[in-house]
Each structure stands twice: as structure tokens, then as C-alpha cells.
Amino acid sequence: MEKPLTQHIVPGRKPLNLKEYEAVGGYASVRKVLKELTPAEVQNLVKDSNLRGRGGAGFNTGLKWSFVPMGPDAPATKYLVANADEMEPGTFKDRVLLEGNPHQLLEGMIVAAYAIQANISYVFLRWAYKLAAKEITQAIAEAYEAGYLGKNILGTGYHLEMHLHTGVGRYMCGEETALLNALEGKRANPRAKPPFPQVSGLFGKPTIVNNVETLCCLPHIINNGAEWFKGLGKGPDAGTKLYGVSGRVKSPGCWELPMGTPIREILEEHAGGMQDGYLFRGLLPGGASTDFLVEEHLDLPMDYGSIQAAGSRMGTGTMIILDDQTCPVGFVLNLQHFFAQESCGFCTPCRDGLPWVERLLLAIDKGEGRPEDMQALEFHTKYLGPGNTFCALAPGAMEPLQSALKYFREDFEQHIVEHHCPWSTVWQPSI
Amino acid sequence: MLTAEEKHQIEHEISLVPTRKAACIEALKIVQQNRGWISDSSLAEVAEFVDMSPAELDSVATFYNLIFRRPVGRHVILLCDSISCYVMGYEIIRDHLYNTLGIKYGETTGDGRFTLLPNACLGTCDCAPALMIDNDLYRNLTVEQLEEILNKYT
């Protein structure tokens, strides 16, 4: 089985330095695109490969790039940003790539920047990833030294600067327009679209923001071709995917597998199945902001279309398992506390709605819930749903809630009827 | 007053972006690194240096979780309280920290050694529960390990 993204990553070992990385074929794609391909050819190749954004939205990467103004009339300054602000609860896949092979990310960024003719690039890294910050700083310095960054790269006249920016903590920064505000030194509120960042992004200039895993696919697509990449996937979606599992399984972890690997295979073969004494009840397939899936969904392939057809989203592809000894109300309360805390406060439904949802859930968890609270929660899943808020944070927050009300309704009602938590575990939100 | 070294470091960050204001978060990080937290007077000094009003800079400073606008201890404990750590029972770790340190979330020990804060997902969910102290990440935590971990910090 091919594992292009993680083939040179050995847990616990220092990542390859530039020389070692070159020795295994590293930076070949930079040579190829700069010397043999036009930016339009790179865009088309990536579009044809059907690479879809690995940050959660799943938009075709080449198509995303194609909205950037090109040619002599395009603005002189354009930006490429790597979104390394991994903060979706339950998600730890980009950390593997950032700590394990920083040069692969840099190589992908140079390819992407060339494709849109950007001359300035940033890695927007989450503050908590201290080891990644050290490795990326080192890798950027090596890449400048070797002439892969800076002026006149490989003698081709192409010029690209790269800087590392570490954030100071806020979930909103993962949303691409909010990330741009954070890079500009502002509050990370999302921006209205249009204008889209491709046209008016960082400092008002055309900007592409791509997820780390997305960028890490690029060198391999350039080197091996679009058809090869499509062939890596098991179903309609191309490439490999870093899937993860956390919760009460025997071997939690993160594995690069063919896109479209069935959920059951990931859970049982790779994560080792449930720990002894724990039974499976449900899972969030791709982070905190995705709808629950349950037993009946376990044979679905983990690809964008299949998970969407089941009423959820593949999101980041890192699953969180709900077991039978964890209270579903407490589980959802924990999620809603996170979203309420991380709401930027810009629009009213999100700012006021999420704390209200949290209060309702806390009351139910404590055994103080009333039957009408169920309707109030149902109402919020609509009121904070798509189209009613400024960005996707609140609608994302409602995904696990609405599906919990569907699949675990009896557990919620039991709390209300019996006036206590059947698990006797009332979660106390932090502050 | 910003020190010469602080000014030098902030000027470097300003050189990487189109406006002085755009470097304000980096400037806050630099000052916090030196002083532990951002006091009202530090805020005013940074604001003036990057051409912002103190109120505007405060709107940025208070937005982000890791800019401290109140004094913190010599070491800050950030305990993950998000979903995977919740499922894996981080509350035992939290309660043990409460008891051994004699403080709750948002508080600092009397000797100024530790501040304890809750933190959103640390991105190491396969090794839950997890916490960070300063720049150090600790994973797969058990109560038994805590004493040895805490003893590293004076």
C-alpha cells in the first residue's frame, strides 16, 4: 500500500533534514514545476488529480486556485498561506505531517505558490505545536540556504519568501478569512464573502489558504501525475487520507490509508477495536463539528460523498468515539462548551445561542432539565443552522447536537424524566 | 518603557508585514515572553510603538486565549478539557491538580509558581489526557506521573 505523505515519517525520529530529504527525491517537484511547467499547467494538473481540501471543506484544490487573477494585469503581490492552525477538537493529523516531515510541507507550498504566482508565503501555525515550530523554522532556514526560497529560485527568476507565524490561540483562526485577519494583526473575526480571498485576501491581495495535508499531497501529484493520484483512492475520491481515531479504542492513532477506506477497517484493524469493557455507541467522523454516525454506518467508506450521504461530513477524517460508559449528554455538553467559548462573538445567533445551548445541556446533565428543553435544543439546531449565522462555526456546532438528539434521544429524555444523569457523571464546564 | 531588545525584535516583525499595526500580535508575544503577561502599561507601550490606540490593541489582546491580561505564575499549566480528553477521563487529572496545588482554574499558587488554566484541544488526542506546562507537552497522563512532572518546575 502506497503511503506517499508519511513514507519518510518515523515516529520518535527526527525529521529528514534538507540533504536527507533531497536524497529520497525531495524538492524534485519544485525543479519540475519551475523548469518544465507553466503555472496554468500546474493548476490544471492538480485540478485533474481531483485533490480535495483536507481541512474539512473538501473543495477541489486546483479549482480553488483557478479563481486567483493571473497574467500581467494581476496584482504584483499575491500570498500563499498554509493553514497549520489545527484546533478542531479530536484532530491531530496535521501535527504528524508538521513534526514528521516539514520539508514536504515547504515543497508543497512552493509548488502551490508558483501555481498562483505568489511571492510571499506564510505558515500559520498553532501556538501549541512547539516541536513543529522548531522543525519548520529549521526547514525554512535550510530551504533559503539551498536556494529553494528567496530570489531567483534555481536560477528560474521565480521569487518566493516564506515566514512562520505562530498564533496565540483561537479556534476561529482555522476559518480562512478569520485566519487572514489574525495574520493582519486583528481580531480573528471571519470576513464577508464575496470578495473571496482568491481575489482580495491578505492585506487586500489575492490569497490562497490551503490545509497542511492538502499541500503535502502536491509534490507527489507533480512527480507521479494526476492518474496515479486518483488511483490511490478506493472510491470516487482521489489520493490517500490521514485518518485518526481517539477515544476508548485499544490503539488510538493516525494512519495514512487509501481515501475511501471503510470506517470499520479503520476502527478495528488500525485502532484495534474497542477497549475491553467498553462498547461502541457512535462516532464523530471528522472532528467536533461533524454529525454522529452509529453502528449502521460502520461499513461506509470514509470519503466525502459517502459520509455526506449518511448525513454527516468527513471533516478532518479524525474520528472521536463515543462509548457506552460515556454519557452522551455530557459528551455533547463538552462540545458545546468548546464552541460557545470559541465563538468570536461577531454575530448574535452564535454569540448568544451557543451559551444558551450549553446552559440547557448542563441543566439536563444535572437532572434539572424540563421536557420543553428538548424543543428548545431542536429549535437552536435550526436557528443556528446554515444561512442564519455569519460563518460556519455555529452550524458546525449544531451538527453533533442535532444528530445526538436523533440517535441518543432516549438518553436525553431519561435524564429529564429521572432527574439525574444515568451515568452519574455531570461534567463541570471549566469556568 | 519597551527595552531596546524588545524594540529591536518588534521592528524585525514589522519589517515582514506591510504596516506597523499588522505586527501587533507578534509584538504582544515578544513583550509577554519577557514580562510574563501584558499589563495595562505594557499594552500602552506596545500600542504606541505599533501606531494603535490602547483600546484597539486591547480588543486584539483580549480576543486571543494565550495573551494574558492578568498576572500569571512562573509556569502556566494548560490542561486540555476538550472532547477526547473528556472521554479519556481528564477530570481525574484536573481534580488532582486542584488538590495538590490548592488552586482552581484561573488561579495562581500563593508562591507564584503555577497558574492553572483550562485549554481547548491540544491536538494530541490519540494520547489523551494531555496538558502543557510552558513549552512542554505531557501526554497519556496518569495521576501517578503528576508529582514528578510538577517537580521539574520551580
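How many bridges join strand S5 of chain A to S6(A), and do the two run parallel or antiparallel? Keep that in mind while you load things up, and remember that this is a predicted model.

**Stop 1: the sheet in chain A**

Select residues 240–246 of chain A, which is strand S5, and then S6(A) beside this strand: six bridges join the pair, and the strands run antiparallel. For a single spot to zoom in on, pick Gly244(A); its bridge partner in S6(A) is Cys254(A).

Now widen the selection to the whole sheet. This is an open sheet of four strands in the order S6-S5-S8-S7, with mixed pairing. At the edges you'll find S6 (253–258) and S7 (280–284) of chain A, each paired on one side only. Look along the sheet and you can follow the twist, which averages 30° from one strand to the next.

Next, add residues 328–342 of chain A. That's helix H13, which packs on the sheet and touches S7 and S8 (318–323) of chain A. The direction of H13(A) makes about 145° with that of S8(A).

**Stop 2: a salt bridge in chain A**

Show the side chains of Glu176(A) and Lys64(A), which meet in a salt bridge at 3.0 Å, N to O. Glu176(A) sits in helix H8 (residues 176–183) and Lys64(A) in helix H4 (residues 61–65) of chain A, so the pair ties together parts that are 112 residues apart in sequence. If you feel like hunting for others, the structure holds 33 salt bridges over all chains.

**Stop 3: chain B on its own**

Hide chain A for a moment. The C-alpha trace of chain B spans about 50 × 35 × 25 Å along its principal axes. Colour by secondary structure and you should be able to pick out seven helices and four strands. Walking along the sequence, the pattern of chain B reads α-α-α-α-β-α-α-β-β-β-α.

Chain B has an open sheet of four strands too, in the order S2-S1-S3-S4 and with mixed pairing. Its edge strands are S2 and S4 (136–138) of chain B, each pairing on one side only. Here the twist averages 20° from one strand to the next.

Select residues 75–80 of chain B to get strand S1, which pairs with S2(B) in the parallel sense over six bridges. Click on Cys80(B), and opposite this residue, in S2(B), stands Asn119(B). Then bring in H6(B): this helix lies across S1, S2 and S3 (131–133) of chain B, running at about 155° to S1(B).

**Stop 4: where the chains meet**

Bring chain A back. Which residues of chain B lose the most area to chain A? First the overall picture: the contact takes 44 residues from chain B and 56 residues from chain A, and the area buried between the two chains is about 3,900 Å², with carbon and sulfur atoms giving 59% of that. Now select Phe63(B), Ile83(B) and Tyr86(B): these lose the most in chain B, together 18% of what that side buries.

Looking for polar links across the interface? The rule finds zero salt bridges there, but 20 residue pairs in polar contact.

To see which elements of chain B supply residues to this side, highlight H2 (24–35), H4 (54–61), H5 (83–87), H6 (91–101) and S2 (114–119) of chain B; each gives at least two. So H6(B) and S2(B), met at the sheet, turn up here again. Finally, colour that side of chain B by residue class: the residues divide into 25 nonpolar, 10 polar and nine charged.

Note on methods
Residues are numbered from 1 along each chain as its sequence is written. Chains are lettered from A and ligands numbered from 1 in the order in which they are written. This is a predicted model: local features need pLDDT of at least 70, side-chain atom pairs count only at pLDDT 80 or more; totals for chains, interfaces and linings use all residues. Side-chain values use heavy atoms; hydrogens and water are left out. Contact means heavy atoms within 4.5 Å. Buried area is the accessible area (1.4 Å probe) that two parts lose on being put together, summed over both. A salt bridge is a side-chain nitrogen of Lys or Arg within 4 Å of a carboxyl oxygen of Asp or Glu. A polar contact is a pair of N or O atoms within 3.5 Å; within protein, one must be able to donate a hydrogen and the other to accept it, and residues adjacent in sequence count only if both atoms are side-chain atoms. Ala, Val, Leu, Ile, Met, Phe, Trp, Tyr, Cys and Pro count as nonpolar, Asp, Glu, Lys and Arg as charged, and the others, Gly among them, as polar. Two strands pair if DSSP finds at least two bridges between them. Axes are lines fitted to C-alpha atoms, for helices over the stretch in contact, and angles run from 0 to 180 degrees between N-to-C directions.
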